[in-house]
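Reader: I would like to learn how to read a model of this kind, feature by feature. Could you take me through it slowly, giving the general idea before each case?

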Amino acid sequence: MTEPLLYLAGVLVIAVGVVLSIGLHEVGHLVPAKLFGVRVTQYMIGFGRTVWSRTRGETEYGLKAIPLGGYISMVGMFPPAKAGRRGRLFQGRPPATVGEAVEDAVEDVEAPSRSRTASTGFFNTLVQDARDTSQDQIQPGEEHRAFYRLAVWKRVVIMLGGPAVNLILGILFTGVLLMGFGVLTPTTTVASISQCIVPATQTRTSCTPSDRAAPAAGTALRPGDRITAIDGAPVRTWDDVTAVIRASAGKRLELTVAAKAGGTERIAITPATNTVPVTNAAGVVQKDAAGDVRTQTVGFIGIVSTEALQQQPITAVVPAVWTDVTSVAGVIVNLPTRLVGVAQAAFGSGQRDPNGPISVVGVGRVAGEIAASPQITITSKIASLIGILGSLNIALFVFNLVPLLPLDGGHVIGALWEGLRRGVARLLGRRDPGPVDTAKLMPLTFAVAILLGGMSLLLIYADIVHPITVL
């Protein structure tokens, strides 16, 4: 298969994976909604014009032209407007909270009519339109099937159902990757030997006449040899080897080596001192508050290990998923700054951050690049694509929990706030304050939707003109 076809195959695998992940996310909302009796009128994958749909029962299932998201339409998402003041200020009874006092002071005597007589301005119309549409969807005699009438915990379950499915998919893909294929792990087999010592403070990689010779360069150690023990103590991992070498600057060591050519050799070597970058457990170089690479002085002999896929135990899955979750959360927290960097790369001379935000177009390009690379084995290609799908689902899980409408996290916060208000009212012996009027947040929802759309367009453009590459 030619490279263009392999590239297309990689893109298609991710495209299908994205659509299935979105579809299953919406199933995570659909199933509990139907179990709790909510009338669901639509289940759609994508946005824009409907290209295919079928109605089964009371729900229309379909695909839309732009497969960059999805939704289910539940009747009664927003409660109707209150039918006038609560009367608390006029009955000699103080409001339960400061928030209620503010609400009482601004509420109209009569609820806004369908003709918008009590509404002025674009945003007021937006709020009332949301209420009206929500109420118009409720069929006579089915008022009890409205979403807003559900118990708080049921609404939370419905809204968390989608992200939960993505989390499960992320765990499954990560489990297949780690336990089925394994991860590239440094081994105790030597891949190459450095001829000189180049400190981490230097940007060059080639040797100069003034550089000190690397201790391993003048020994019988050769690429392909496997280190089995140091000073008679067995070593099983590359971390075992580096731990001893780094702690033994200036101290003579005896390496027991299973030679590539056959047989066992004992090689004496004395590690020199060298300045190397500080890395975390994942091998990522650490920087200080000023953005400079942190360094440390350690023992060094000048060998590089080979890497091989090593299957991991099931206990490694959850920590790996948690690492992905925290990584995505970090990107979201710093999203404004990162988007500035993306804009500078897209419209100027800036560089893309390989760990920064990326659109589905960028993900597809990375997948195609991996699939078409002749340097990567077919096993590693499959493993990489599975890893991408796992990371994608973890990203969907975290992003949808952001507590802003129209994201799932925003609906969850609205339901929890209602539960808190009602719980406080019960404790204080007050009357039930009723459902939270989340329609009032439509202006914020509108603004968030515009920002998300703008962010998507920026990332897609950047991934076209200045994409992130992995090879």
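**Reading the model**

Author: Let us start with a single residue, Gly224, which counts as partly exposed because its relative accessibility is 25%, where buried means under 20% relative accessible area, exposed means over 50%, and partly exposed lies in between (1.4 Å probe, protein chains only). The model is a predicted one, in which local features need pLDDT of at least 70 and side-chain atom pairs count only at pLDDT 80 or more, while totals for chains, interfaces and linings use all residues. Residues are numbered from 1 along each chain as its sequence is written, and side-chain values use heavy atoms, with hydrogens and water left out.

Reader: Where does Gly224 lie, and how many residues separate Gly224 from Thr189 in sequence?

Author: Elements here are DSSP runs numbered from the N terminus, with helices (H or I) of at least four residues and strands (E) of at least two. Gly224 sits in the loop between β3 and β4, and although 35 residues separate Gly224 from Thr189 in sequence, their C-alpha atoms are 5.9 Å apart in space. A second pair can be read in this way: Ala449, in helix α11 (residues 442–465), is 45 residues from Leu404 in sequence, with 9.9 Å between the C-alpha atoms. Ala449 has a relative accessible area of 39% and is therefore partly exposed.

Reader: How many disulfides does a search of the whole structure find?

Author: A disulfide is a covalent bond between the sulfur atoms of two cysteines, and the test applied here is a pair of cysteine sulfur atoms within 2.5 Å. The search of the whole structure finds one, formed by Cys196 and Cys207, whose sulfur atoms are 2.0 Å apart. The angle about the S-S bond is -90°, and the link of Cys196 and Cys207 is left-handed. Both cysteines belong to the loop between β3 (183–193) and β4 (226–230), 11 residues apart. Cys196 is buried, at a relative accessible area of 7%, whereas Cys207 is partly exposed, at 41%.

Reader: What should I look for in a salt bridge, and how many does a search of the whole structure find?

Author: The criterion is a side-chain nitrogen of Lys or Arg within 4 Å of a carboxyl oxygen of Asp or Glu, and the search finds 10 such bridges. In one of them Glu142 pairs with Arg39, the closest N and O atoms being 3.8 Å apart. Because Glu142 lies in the loop between α3 (122–136) and α4, and Arg39 in the loop between α1 (3–35) and β1 (40–56), this pair ties together parts that are 103 residues apart in sequence. Arg39 is buried, with a relative accessible area of 12%, and a network of salt bridges links Arg39, Glu58, Glu142 and Arg145.

Reader: Which residue forms a salt bridge with Arg352?

Author: The partner is Asp463, with 3.0 Å between the closest N and O atoms. Arg352 is in the loop between α7 (335–347) and α8 (360–372), and Asp463 is in helix α11, so the pair ties together parts that are 111 residues apart in sequence. Arg352 counts as buried at 11% relative accessibility, and Asp463 is buried at 0%.

Reader: How should I read a salt bridge within one helix?

Author: An α-helix has 3.6 residues a turn, so residues three or four places apart point the same way. Arg422 and Glu418 are four residues apart in helix α10, about one turn of the helix, and their side chains meet in a salt bridge (3.0 Å, N to O). Arg422 counts as partly exposed at 22% relative accessibility, while Glu418 counts as buried at 2%.

Reader: What span is expected for α1, and where does a kink lie in α4?

Author: The expected span of a helix is 1.5 Å times one less than its number of residues. For the 33 residues of α1 this should give 48 Å, and the end C-alpha atoms are 48 Å apart, which agrees. After α1 comes Gly37, with a positive phi near 90°. Helix α4 (residues 152–181) has 30 residues and reaches 42 Å from its first C-alpha to its last, close to the 44 Å expected. A kink of about 40° lies at Gly161 in α4, shortly before Pro163, the bend being the angle between axes fitted to the seven residues ending there and the seven starting there.
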